[in-house]
Amino acid sequence: MNINTNLKEQNTYDAIVIGSGISGGWAAKELTEKGLNVLMLERGMNVEHIKDYDSAMKAPWEFEHAGKLTEEQKRTHPVQTRDYPYQEANEKWWVNDLDCPYTEDKRFDWYRGFHVGGKSLTWGRQSYRFSDHNFEDNKKDGHGNDWPIRYKDLTKWYDYVEQFAGISGQAENWPLLPDGKFLPPMDLNCVEKSVKERIEKHYNKSRILTIGRTANLTVPHKGRGSCQYRNLCSRGCPFGAYFSTQSSTLPAAMATKRLTVRPYSIVNHIIYDKDTKKAKGVMVIDAKTNESIEFYAKIVFVNGSTLGSTFILLNSTSDAHPNGLGNASGQLGHNLMDHHFRCGASGSAVGFEDKYTYGRRANGIYVPRYQNVGNDKRDYLRGFGYQGGASRGSWHEEVAELEFGGDFKDKLSFPADTWSMGLGGFGEMLPYYENKVYIDHTRKDKWGQSVLAIDCEYKENEKKMRIDMMNDAAEMLEASGIKNVKTFDNECYPGMAIHEMGTARMGNDPKESVLNKWNQMHEVSNVFVTDGSCMPSIACQNPSLTFMALTARAADYAVKELKKGNI
Amino acid sequence: MDRRKALKNVAFLLGTALSSSTIGVLFENFTLPEDEKNQVSFSGTDEEILAEFADIIIPTTKLSPGAKAAGVGTFIPMMIRDCYPPAMQHTFASGLKEMESKAMQDYNKNFLSLADDQKQKLVGDLRKDTIDKKLPYSFFTIARDLTLLGYFSSEIGCTQAREYLPIPGKYDGNAEYKPGQKAWAT
């Protein structure tokens, strides 16, 4: 093939970062700050901080459909509409499913957003460290492969990313949930405080309740404004008060003047050079023109979201890598995991009629995992944590079925006398080799690419855990004096937690894993994968903070290796 | 990903006492054959009737103006056309016609000419019919749902029936509730 030399020079960078979400933004920031010229490729549109948050300042009555989706939106977004994330106010952050279909061997809800910032704009912002329990569980119970790192390997990187991102929270000295470098915590409300006191007393502090640790600023931080308690985060924050690529990592990377962002750039595959045994760049499909373009670099960071990255790697085949790049282990695409949730218990709190809330806190409470540690033994492995909270709503129990009229209306104008308090479990899913993704060549997306097929399900361990997720919640609420406690299980399918992970796992043994302890491919030394696909297990905590720490650590290593001439 | 907000939305709907079956219908995905996609249309008179209907559900009270003043009469047909699957559109449209026929049958007047107590009686009959027949949805439930949704998301609903704080700037989870204080709109 003849390649125009000038063009080749123009299209050559020190590093390419595939994806612009939470981990891609961190990769771009770290690599540019360490002196590399970086090209960040994003498959979707550009989103400019604040300016493009169209709905951020709208009042409820400024939305045409009062927040509801139209039939046309349901038609074009059949997957995104399966659960709540896709809404009128944030509709532009979600993909048109008809453009990018995938095959569901079993139901898997794949929520995606194609735009600069990715899911960093819409994420739940809950930010928890993993503990050594989490890093050791695979080894202890034999499920999955051993993590090649332990908490001590990540401690300083957690410190580092927390201090930059701005995580508010309360230190608790809880072994399963290490404390971090926190901004001041948000407040628990009066009902949550009462529940906290009573749970901790009843269980003699073998269970605790704390305020959620969240990437929302409680004080101004690094030029960003603090949270205004509007609870409209998923529209994009005009105050920059939560961590996103746009509010945080992108401005830092741009400040180095070494970052180029190219939107509408779908990475189809990584180009492998059999002579150097390294990646030499990537092949991009321009999402608008369908033109194919090659970009070249010494290092490639793959941060296209777990399944996005895994697709690219599986699609990067060559004589040397017939089953996908760096896939001699056969583990690429396997061990897909997601948290299981949507079950727990709720009830009502009485005796707080003289109290109300002021402001809308975009955060809730957290009960860290307490199962299968110490004397707590269950009939399943691993465990779960709870998220939830209390609020005084406008739900009036005494309203008759389908009531109407003036009294009814006036009743709805005042808060209810009771508060409601709920606990929803977030459970760990084990890694199972047979939960997998692969490329389905029988179908094509809008750009002519084959599509991903997903074959994933929860199994017995998760099903057993769900029973405890309901019953423990009910027990704790009852012990806290909550009335009318009811358990719920609203059914959960993999993908719904939007915490999909595990399909390019790290490990010490190249025969058992795709990446080494530096998130570097065992077989292709200049390719690093630092999004959720790298995770050998998923614990029960929200994972994004761990992606940030792993990314910063891997970028540090990659640049050192590059400077030593090892890459 | 904002789970608490989602819960709150559901709570809002529960709060306005929608039956759970109605909520399910409102949010379910409907996949319908192409030939069922012909939409219903509504006349200016229909919008007037719907405004009157909405004002029976959410009337003006001493505390605040009602649904008609909040523009719910045009909100309902717009939502029916944009956000409801054809089967429900048709249920709604024929139910609207039936309400008009019932007005003629019961009072020999069209709905708009009925006295207030007659309208209330008629709407009460529709409610009773829905409950007695355990209908998953009916003209009455759809129109009532949309009245509540439209009203409490309207400027009047948010700022007069309830209190709206665009930028609270702080969170106090132990604030004093003053007697007579309205509920927050969001």
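Okay, quick one to get going: which residue in the turn of the hairpin formed by S9(A) and S10(A) has a positive phi? It's Asn290(A), with a phi of about 65 degrees, and the hairpin has 5 residues between its two strands. Before I go on, keep in mind that what you have on screen is a predicted model.

Let's stay with that part of chain A. S9(A) and S10(A) are antiparallel, joined over 5 bridges, and Met283(A) has Glu294(A) in S10(A) as its bridge partner. Walk back along the chain and there's another hairpin, this one made by S8(A) and S9(A), with 4 residues between them. Its turn holds Lys277(A), again with a positive phi, about 60 degrees. Strand S8, residues 265-273, and strand S9, residues 278-286, both of chain A, pair antiparallel over 8 bridges. One of the partnerships there is Asp273(A) with Lys278(A) in S9(A).

Now, S10(A) has other partners too. Strand S1 of chain A, residues 12-18, runs parallel to S10(A), residues 292-302, and 6 bridges join them. Tyr13(A) is matched with Ala297(A) in S10(A). Then there's strand S19 of chain A, residues 527-529, which pairs with S10(A) in the parallel sense over 3 bridges. In that pairing Val300(A) sits opposite Val527(A).

Next, the sheets. There's an open sheet of 6 strands in chain A, in the order S6-S13-S14-S15-S11-S18, with antiparallel pairing. Which strands are at the edges? Those are S6, 210-211, and S18, 483-489, of chain A, each pairing on one side only. Inside that order, S11(A), residues 343-349, and S15(A), residues 419-427, pair antiparallel over 6 bridges, and Ala345(A) stands opposite Leu423(A) in S15(A). Helix H10 of chain A, residues 460-479, packs on this sheet and touches S11, S14, S15 and S18 of chain A. The direction of H10 makes about 15 degrees with that of S11(A).

The other sheet I want to show is an open one of 3 strands in chain A, S3-S17-S16, and here the pairing is mixed. S3, 103-104, and S16, 436-444, of chain A are the edges, each with a single partner strand, so one side of each has no neighbour in the sheet. S3(A) runs parallel to S17(A), residues 450-455, with 2 bridges between them, and Glu104(A) is partnered by Ile454(A). Helix H8 of chain A, residues 306-314, packs on this sheet, touching S16 and S17 of chain A, and its direction is at about 70 degrees to that of S16(A).

A word on annotation. An unreviewed UniProt entry puts "domain: Glucose-methanol-choline oxidoreductase N-terminal" on residues 98-339 of chain A. In the model that span is 24% helix and 17% strand, with its end C-alpha atoms 26 Å apart. The unreviewed annotation "domain: Glucose-methanol-choline oxidoreductase C-terminal" in UniProt covers residues 431-550 of chain A. Here we get 22% helix and 21% strand, and 20 Å between the end C-alpha atoms.

So how do the two chains meet? We've got 58 residues of chain A in contact with 56 residues of chain B. On the chain A side, helix H3 (71-76), strand S12 (355-358), strand S14 (384-391) and helix H9 (406-412) each supply at least two residues. By class, that side has 24 nonpolar, 20 polar and 14 charged residues. There's strand pairing across the chains as well: S12(A) and strand S1 of chain B, residues 172-176, are antiparallel over 3 bridges. Tyr356(A) has Ala175(B) as its bridge partner.

Last stop, the helices of chain B. Helix H4, residues 72-83, and helix H7, residues 139-152, pack at about 120 degrees with their axes 9 Å apart, which makes H4(B) oblique to H7(B). The crossing is right-handed. H4(B) brings Val72(B), Phe75(B), Ile76(B) and Met79(B), while H7(B) brings Ala143(B), Leu146(B), Thr147(B), Gly150(B) and Tyr151(B). That contact comes to 7 nonpolar, 2 polar and no charged residues.

H7(B) also packs with helix H3 of chain B, residues 44-57, at about 75 degrees and with the axes 10 Å apart. Those two are therefore roughly perpendicular. The contact involves Leu50(B), Phe53(B), Ala54(B) and Ile57(B) of H3(B), against Ala143(B), Arg144(B) and Thr147(B) of H7(B). By class, we have 5 nonpolar, 1 polar and 1 charged.

Key
Residues numbered from 1 in each chain as written. Chains lettered and ligands numbered in written order. Predicted model: local features only at pLDDT ≥ 70, side-chain atom pairs only at ≥ 80, totals over all residues. Axes fitted to C-alpha atoms, helices over the stretch in contact; angles between N-to-C directions. Parallel < 35°, antiparallel > 145°, perpendicular 65-115°, else oblique. Left-handed = near helix turned anticlockwise from the far one by under 90°. Contact = placed C-beta atoms within 7 Å. Nonpolar A, V, L, I, M, F, W, Y, C, P; charged D, E, K, R; others polar. Pairing = 2+ DSSP bridges. UniProt positions renumbered as here; feature names shortened; annotations may be inferred.
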